[in-house]
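Trainee: I should like a close look at a single part of this model, and then an account of its setting. Please treat the terms strictly.

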Amino acid sequence: MASGITLPAMTTVGAARTDVRRAAVPVPGGTFRMGSDDYYPEEAPVRDATVGDLLVDEHPVTNAAFRRFVKSTGYVTVPERTPDAADFADAEPADLVPGSLVFTPTDGAVPLDDWTRWWRWVPRADWKHPEGPASTLHGRDLHPVVHVAYEDAIAYADWAGVRLATEAEWEHAARGGLDGATFAWGDEPEPDGRVMANRWYGRFPWENLHRHGFQRTSPVKRFPPNGFGLYDVTGNVWEWTSSTWGSTSEHPTCCSPESALLREDDRRVIKGGSHLCAPSYCLRYRPAARQGQTVRSSTSHIGFRCVSDC
Ligand SMILES: [Cu+2]
């Protein structure tokens, strides 16, 4: 009797695939008002942007989907790789271990202008061990994958035969057809008292009063979809886009080639906010909000979703 099953090695990376299960919804293209004049300077000014028809993933890429990718390709993510000593001249060799940034709640109130109080670099934290080596994905198959750097998201998309959205495409999709609205569901933060997304409830970064009990990421599709049928565009995890980071006036709808060689300090736009966005601290759980993230950095609150042209 066979003692085990050997799966055939899969080596095709980059070709369009038909065996990748993917729930995507059509998002009709058009012209919309991008950005906001009412919150943070990096979102202004409001300007018209035009995007084409797209098929957009219903929700961020989950741990289960990312596991299929890794199983069939053997891909190793950036946070799982040993840092190159050449990039960290001052570091002790013993400190050059793989790892990632993990949100760590504090015991009480702390000054909110110092992110090092609640972000810890944890050796051997990675997508399979979101809080460090002792943690697992048990019970989190349907949570968004986290601890993925930009090139990890690109590698997944290449394998699946899809791509990341540009910032304009992402924002258009996230707005769900509500042109100019503050949130993905309208202008009220909590219409009729409903919790609309996995963002921070309570005093940041120590008091968790989330009515659904989520401490970190949540399973996708737990909160209402937007008008296009897209889930988790707000909160849960920030999502990588393919757009380079710059001021909006310089790069209104910039999209640089994804294959271009990345430098360590290159930044890409992330969108959507995360479970750590709190009204008292970070009002970025809105489609217009944006941040620039260095391409090799990974955290416990950044993931991605994919799109394809239709
Ligand atoms: Cu935020």
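Mentor: The part chosen is the largest cavity, followed by the helix that shares a residue with its lining and then by the rest of the chain.

The model is predicted, so local features need pLDDT of at least 70 and side-chain atom pairs count only at pLDDT 80 or more, while totals for chains, interfaces and linings use all residues. Residues are numbered from 1 along each chain as its sequence is written, and side-chain values use heavy atoms, with hydrogens and water left out.

A cavity here is a set of points, on a 1 Å grid over the protein atoms alone, where a 1.4 Å probe fits but cannot get out; lining residues have an atom within 4 Å of a point. Grid points are joined across faces, edges and corners, and volume is the space filled by probe spheres set on the points. By this rule there are 4 cavities of 30 Å³ or more, and the largest has a volume of about 100 Å³. Its lining consists of N63, P130, E131, L137, R140, H143, P144, V146, R216, T217, H275 and S300. These residues divide into 4 nonpolar, 5 polar and 3 charged, where Ala, Val, Leu, Ile, Met, Phe, Trp, Tyr, Cys and Pro count as nonpolar, Asp, Glu, Lys and Arg as charged, and the others, Gly among them, as polar.

N63 leads from the cavity lining to helix α1, residues 63–73. Helices (H or I, at least four residues) and strands (E, at least two) are DSSP runs, numbered from the N terminus. Buried means under 20% relative accessible area, exposed over 50%, and partly exposed in between, with a 1.4 Å probe and protein chains only. In α1 the buried residues are N63, A64, A65, F66, F69, V70 and S72. An α-helix has 3.6 residues a turn, so residues three or four places apart point the same way. The cover over the buried residues of α1 includes α2 (150–160), where contact means heavy atoms within 4.5 Å. Just after α1, G74 has a positive phi of about 75°.

Helix α3 (residues 167–175) is mostly covered, with 9 of its 9 residues buried. G176 follows α3 with a positive phi near 60°. In the loop between α3 and β7 (238–244) lies P205, and the peptide bond from F204 to P205 is cis, with omega near -5°. N236 is in that loop between α3 and β7 as well; its phi is near 65°, positive in a residue other than glycine, and at 0% relative accessibility N236 counts as buried.

At the metal site, C277 (SG) and C282 (SG) coordinate the copper ion at 2.1 Å; donors are N, O and S atoms within 2.8 Å of the metal (3.2 Å for Na, K and Ca), and water is not among the atoms, so sites may look incomplete. Both C277 and C282 are buried.

For the chain as a whole, there are 3 helices and 11 strands, and 52% of its 310 residues count as buried. Among contacts between residues at least 6 apart in sequence, 71% join residues at least 24 apart.

Definitions and conventions
1 Å grid on protein atoms, 1.4 Å probe; cavity = no way out; pocket = protein on both sides within 12 Å on 5 of 7 lines; lining within 4 Å.
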